[in-house]
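Please open the structure in your viewer and keep the selection panel at hand. The tour proceeds from one helix to its surroundings, then to the whole chain, and ends at a small sheet.

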Amino acid sequence: RPAGYGPDIDVSGLVDSRNGLVDRSIFTDRRLYDQEQARVFATSWLFLGHVDQLQKAGDFFTTYMGEDPVIVTKDKSGRIRAFLNSCRHRGARVLRADYGTTRAFTCTYHGWSYDLEGKLISVPNEDGYPAESWDRSEWGLQEVAQLDTVLGLIFATWNPKAIPLDEQLGDMKYYMEAFLDRDSEGTTVVGGITKWVLKGNWKLAAEQFGTDWYHVNMSHASALMVLSPTGKGPKAEIANTPGRQFSDEHGNGTGFPTHPKSRFDALPVHQHYDYQALTERLGEARVHGPLTTGHATVFPNFSYLPVNGSIRVWHPKGPDEMEVWTWTVLDKSMSEEVRTAQRLYNLRTFGPSGIFEQDDGENWSEIQAISHGWRTNTIPLNYQMGMGSETDDGVYPGSTSALYSDAAGRRFYGRWAELMNTPAWHEEEQSR
Ligand code: FES
Ligand code: FE
């Protein structure tokens, strides 16, 4: 197989989503990791950033789609575009800054320069290229195949055949609106983007945010104790909380309690909200569920926590490592004071040193640290909780299960396996 296309390993024996079994090698095997880049990241819609990060023409930020570095910018017509951040000459990273404003992207190696539309506009000593065969227009930056925004979030894909973003999200959008569409003004990014490196396969984090409420009372017991007004930790009604977990065939998932205690009465944002108005806009079911202490993953690697206003992307950095990027996203209509208080609350709980974030990160790193033994790798992991509890409950759209369930995990890995076993769009092109 040509380089860059990944191996072609059949993963049917590694993921049994019907029976809730997952082989540990999907978190450790380098060949599976390469195939994942070529079949999961090359074909899916991937999160790039918040529209707020690009205010005017020439504003840009850099990020990754899988391991591929990309530039995201606003062109002169106001259109958001994304390009591979790799020079067409010798492949240097064209832009090294995290964000900024520019008129052109000039590579620091030999000085090739590209405009905001990705066209190559300037080549030092250009007369050195053979006049008869040199065509500058053939050497523009590689652009993504599709880019779209939803609820203030920018997504893109390399896949020209990917179904539209809206279709890919389906019912998931109903749940996302409970966080990102609380009033007509929309959301804004408050503070910068926090980035850190964590030992652990990216799927461990993505999976947990989609499906795993089960860990909360055990992993976060001490953090819950700190936050509890009585200092006694999770109360029985929280430990046995009712709630729902949504999952779909595209691998998206979200879980949320439906207990009134899950409302954000104790948080800074509480003073901002009028529950009456929220109920009118979003309906009672959403105000008592996905609006608050839920968590969610949009397949493959974008996750969020509505109660904190935290959005994050889990960038893969080899099978054993991820880079976590997090933003605090709050309603534009919030006062400066509420924004600051909520941002600080978010950092205290879900920043790199946050009391909850550290519990989660330590679990993922610990799992990864012991995952390379041969015996360890031959024993399947269990994703059987809530099996058979999936139903259309008539309240929340799509298929939902009990809150403490692996339903979204089974579908996350089901989708992952489906993509891993299907030749990607670029492989078809290659074989033509
Ligand atoms: Fe960019 Fe040579 S690598 S100009
Ligand atoms: Fe957690």
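**Helix α11 and its two sides**

Begin by selecting residues 357-369, which form helix α11 in this predicted model. The helix has 13 residues, and at 1.5 Å a residue these should span 18 Å; the C-alpha atoms at its ends are 18 Å apart, so the expected and computed spans agree.

Which residues of α11 are buried? Select Glu357, Asp360, Gly361, Trp364 and Gln368, and show their side chains where present: these are the buried residues of the helix. Now turn the view to look down the axis of α11. The buried residues fall within an arc of 95 degrees, so they line one face of the helix. Next, add Glu366 and Ala369, which are exposed on the other side of α11.

To see what the buried residues of α11 pack against, select four further elements. These are strand β14 (194-199) and the helices α4 (202-211), α5 (216-219) and α10 (336-350).

**The whole protein**

Zoom out and display the full chain as a cartoon. The protein contains 14 helices and 22 strands. Its radius of gyration is 22 Å, close to the 22 Å that the globule rule gives for 432 residues, so the protein is as compact as a globular protein of that length. Along the principal axes, the C-alpha atoms fill a box of roughly 80 × 55 × 40 Å.

Of the 432 residues, 43% are buried. Among contacts with a separation of 6 or more, 65% are between residues 24 or more positions apart.

**Two domains**

Colour residues 46-147 and 164-420 separately: the domain assignment gives these as domain 1 and domain 2, respectively. The C-alpha centres of the two domains lie 33 Å apart. How many residues does each domain bring to the contact? Domain 1 supplies seven and domain 2 supplies nine.

**A three-stranded sheet**

Finally, select β8 (105-106) and β10 (120-122), together with β9 (residues 113-114). These three strands form an open sheet in the order β8-β9-β10, with antiparallel pairing. The edge strands are β8 and β10, each of which pairs on one side only.

Zoom in on β8 and β9, which run antiparallel and are joined by two bridges. Which residue of β9 is the bridge partner of phenylalanine 105? Label tyrosine 114 to mark that partner. In general, strands of a sheet pair through backbone hydrogen bonds, either parallel or antiparallel.

Key: Residues numbered from 1 in each chain as written. Chains lettered and ligands numbered in written order. Predicted model: local features only at pLDDT ≥ 70, side-chain atom pairs only at ≥ 80, totals over all residues. Pairing = 2+ DSSP bridges. Expected span 1.5 Å × (residues − 1). Buried ≥ 20, exposed ≤ 12 C-beta atoms within 10 Å, placed from the backbone. Arc of directions from axis to C-beta. Contact = placed C-beta atoms within 7 Å. Rg over C-alpha atoms; globule rule 2.2 N^0.38 Å. Domains from an automatic or database assignment.
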